[in-house]
Amino acid sequence: MKTIIEPFRIKSVEPIRMTTRAERETAVARAGWNLFGLDSRDVVIDLLTDSGTGAMSSEQWAAIMRGDESYAGAPSFTRFESAVRELTGLPHVIPTHQGRAAEHLLFPAIAKPGQVVPNNTHFDTTRANVELAGAVARDLPCAASRDAQGLAPFKGDIDLAALERCLADERDNVPLVMVTVTNNAGGGQPVSLANLRGVRALCDRFRVPFFLDACRFAENAYLIQQREPGQRERRIADIARSMFDLADGCTMSAKKDGLANIGGFLACRDANLADELRTRLVVTEGFPTYGGLAGRDLDAIAQGLREVVEQDYQEYRHASIRYVVERLAARGIPVLQPAGGHAIFLDAARFLPHLDWQDYPGQALAIELYLAGGIRACEIGSVMLGRVDPKGVETPAPHELVRLAIPRRTYTQSHMDYVIEVLEEVWRDRESIGAVKIEHAPRVLRHFRARFARMPARKAAPASLGGRA
Ligand code: F0G
């Protein structure tokens with residue numbers, strides 16, 4: 001059959017509250033035009049993040065009932081540890097309450113002030129944790145990633161030549177190399193096995209540990225299966241194992257490919273590092289057999305890690321994202337291609353060519369999607385990733401994107417049809433969208449709590465950009 005259906009039936013439902021444009025206008029103005037400040041009951045389709053927002057399976061809910069809440073030595077931990085070991089082959093498994101807690105544990109333990117941490121692209125919390133440890137977070141995305149419309153299969157790859165130069169120039173000053181799979185901030189694009197092998201070889205040559213930021217390892221493995229020569233016949237779990245086999249360790253947010261609502265872990269091969277991390281863990285997260293989690297969370301993750309590598313699940317997941325991307329592209333709406341693993345990324349710079357990066361086109365577009373249809377998306381552009389130096393001089397992000405992240409197993413095809421319809425309307429009226437200014441911004445991770453002001457549209461987009469639906 002041509003139609004790829006959701007490979008599940010719905011057992012429990014949560015009503016969506018419909019809102020009017022006037023209600024949304026009031027709600028988002030009250031939130032300082034920051035969509036993170038909205039009450040979720042004022043959102044119709046919530047695509048802010050795919051993190052912790054998915055639906056758990058009946059087997060996961062059953063696993064929750066098996067959860068054991070003993071402070072030490074709970075069987076829930078043993079089941080969790082076995083699932084992580086089976087998947088990754090990494091012997092030392094340290095639970096944390098989410099991905100950023102694993103990062104917060106790792107970087108102060110291994111990075112010294114002034115050292116350099118390369119990554120294909122740091123996610124915002126990863127960057128913040130590297131910087132909190134006093135180190136420098138250096139993004140080395142591959143050249144293909146700069147072409148938003150290019151159809152290269154592995155735009156998440158790290159630039160191996162740049163990594164080699166970095167390791168040579170910064171000899172002994174690089175505590176580890178990290179690669180984020182898939183590359184979230186770079187558009188949810190996958191990293192190839194060939195690229196990971198290249199990183200491994202460089203890390204061996206320069207004697208530097210190599211860690212994966214493994215949040216979306218299964219989506220990455222599926223895209224390797226589909227796109228990398230020689231991988232089509234392999235199981236997703238086996239491809240994932242090949243990825244982990246190349247690494248010395250990983251940080252993980254189980255809120256993504258753990259199919260859980262909370263949780264994470266750090267896993268590694270080095271027993272001494274694991275010992276140091278467990279010592280730190282007790283102080284901040286909890287005893288090493290629960291990290292910051294309840295026993296029932298550990299059980300839900302153990303089950304989720306097995307479900308996420310199922311072929312039917314990944315087929316459906318990627319088909320639902322491709323469905324939207326292909327329809328938007330057919331209408332001339334500038335969308336990042338090829339479709340990423342967990343989200344649809346709009347190219348806000350091309351969507352709103354009458355705005356400069358200082359006008360924060362991504363934020364302006366995200367606000368408009370909310371006003372038009374109650375869709376909550378997330379700016380990944382100069383609000384989130386722009387850098388402000390100590391003198392207040394700002395440099396832009398590499399792309400001005402708006403991310404429509406798709407929660408796992410949560411929305412159906414008609415929800416996606418609605419999203420497409422809202423986007424068509426906003427695209428038709430794009431010339432009326434004005435700039436956004438930042439009125440207040442916290443020192444780090446400013447996008448979460450910044451307050452904005454909206455400006456009237458200044459000038460019209462050139463007619464040649466056409467493409468009206
Ligand atoms: N690394 C990547 C690549 C991520 O996407 C995230 C979270 C983290 C680390 C941190 O994990 O949230 O469990 O602490 N990304 C979410 C997002 C928040 O919306 O992309 P966490």
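**Entry 1: Glu307**

I started at Glu307, which sits in helix H11, residues 295-307. Worth jotting down before going on: this is a predicted model. Is Glu307 buried or exposed? I get a relative accessible area of 7%, and under 20% counts as buried, so Glu307 is buried.

Next I looked up what its side chain touches. One polar contact, at 2.7 Å, goes to the side chain of Ser57. Another, at 2.8 Å, goes to the side chain of Gln303.

**Entry 2: Ser57**

I followed the contact from Glu307 over to Ser57. Ser57 belongs to the loop that runs between strand S1 (45-46) and helix H2 (58-66). Its relative accessible area is 15%, so I put Ser57 down as buried too.

Which distance separates Ser57 from Leu259 in space? C-alpha to C-alpha I read 8.7 Å, with the two positions 202 residues apart in sequence.

**Entry 3: Gln225**

Another buried polar side chain to check. Gln225 is part of helix H8, residues 217-227. With a relative accessible area of 4%, Gln225 is buried because the limit is 20%. Where does its side chain go? I traced it to the backbone oxygen of Arg234, at 2.9 Å.

**Entry 4: the ligand and its shell**

Then I turned to the ligand. I count 18 residues around it, and the ones that come nearest are Thr49, Arg100, Ser253, Lys256 and Arg403. How do the residues of the shell divide by type? I have two nonpolar, nine polar and seven charged.

I also went through the side-chain distances to ligand heteroatoms:

- Gln98 puts a polar side-chain atom 2.9 Å from a ligand oxygen.
- Arg100 does so at 2.7 Å, also from an oxygen atom of the ligand.
- Asp213 has a polar side-chain atom 2.7 Å from a nitrogen atom of the ligand.

How much of the ligand does the protein cover? On its own the ligand has 470 Å² of accessible area, and the protein covers 94% of that. I checked the cavities as well: the largest one is the space that the ligand takes.

**Entry 5: helices at the ligand**

Which helices each give at least two residues to the shell? I found helix H4 (99-110) and helix H5 (124-132). H4 supplies the largest share, three residues. Arg100, which I had already noted for its 2.7 Å distance to a ligand oxygen, falls within the range of H4.

I stayed with H5 a bit longer. Seven of its nine residues are buried, so I'd call this helix mostly covered. The buried ones are Asp124, Thr125, Thr126, Arg127, Ala128, Asn129 and Val130. Just past the end of H5, I noted that Gly134 has a positive phi, about 90 degrees.

**Entry 6: backbone oddities**

I scanned the backbone next. The reason to bother: most residues other than glycine have a negative phi, and most peptide bonds are trans.

Two cis bonds went into my notes. From Val181 to Thr182 the peptide bond is cis, and omega is near -20 degrees. I placed Thr182 in the loop between strand S5 (177-180) and helix H7 (193-206). The bond from Gln337 to Pro338 is also cis, with omega near -10 degrees. Pro338 is in a loop as well, between helix H12 (311-330) and strand S9 (343-347).

Then the phi values. Trp33 has a positive phi, near 55 degrees, and is not a glycine. I found Trp33 in the loop from helix H1 (21-30) to S1. Asp172 has a positive phi too, about 65 degrees, again in a residue that is not a glycine. Asp172 lies in the loop between helix H6 (160-169) and S5.

Are Trp33 and Asp172 buried or exposed? Trp33 is at 15% relative accessibility, so I marked it buried. Asp172 is at 75%, and anything over 50% is exposed, so Asp172 goes down as exposed.

Note on methods: Residues are numbered from 1 along each chain as its sequence is written. This is a predicted model: local features need pLDDT of at least 70, side-chain atom pairs count only at pLDDT 80 or more; totals for chains, interfaces and linings use all residues. Side-chain values use heavy atoms; hydrogens and water are left out. A residue is near a molecule or strand if one of its heavy atoms lies within 4 Å of it. A polar contact is a pair of N or O atoms within 3.5 Å; within protein, one must be able to donate a hydrogen and the other to accept it, and residues adjacent in sequence count only if both atoms are side-chain atoms. Accessible areas come from the Shrake-Rupley method with a 1.4 Å probe; for residues, only the protein chains shown count as cover. On a 1 Å grid over the protein atoms alone, a cavity is a set of points where a 1.4 Å probe fits but cannot get out, and a pocket is an open set with protein on both sides within 12 Å along at least five of seven lines; lining residues have an atom within 4 Å of a point. A molecule sits in a cavity or pocket if more than half of its atoms lie within 2 Å of its grid points. Helices (H or I, at least four residues) and strands (E, at least two) are DSSP runs, numbered from the N terminus. Ala, Val, Leu, Ile, Met, Phe, Trp, Tyr, Cys and Pro count as nonpolar, Asp, Glu, Lys and Arg as charged, and the others, Gly among them, as polar. Buried means under 20% relative accessible area, exposed over 50%, partly exposed in between (1.4 Å probe, protein chains only).
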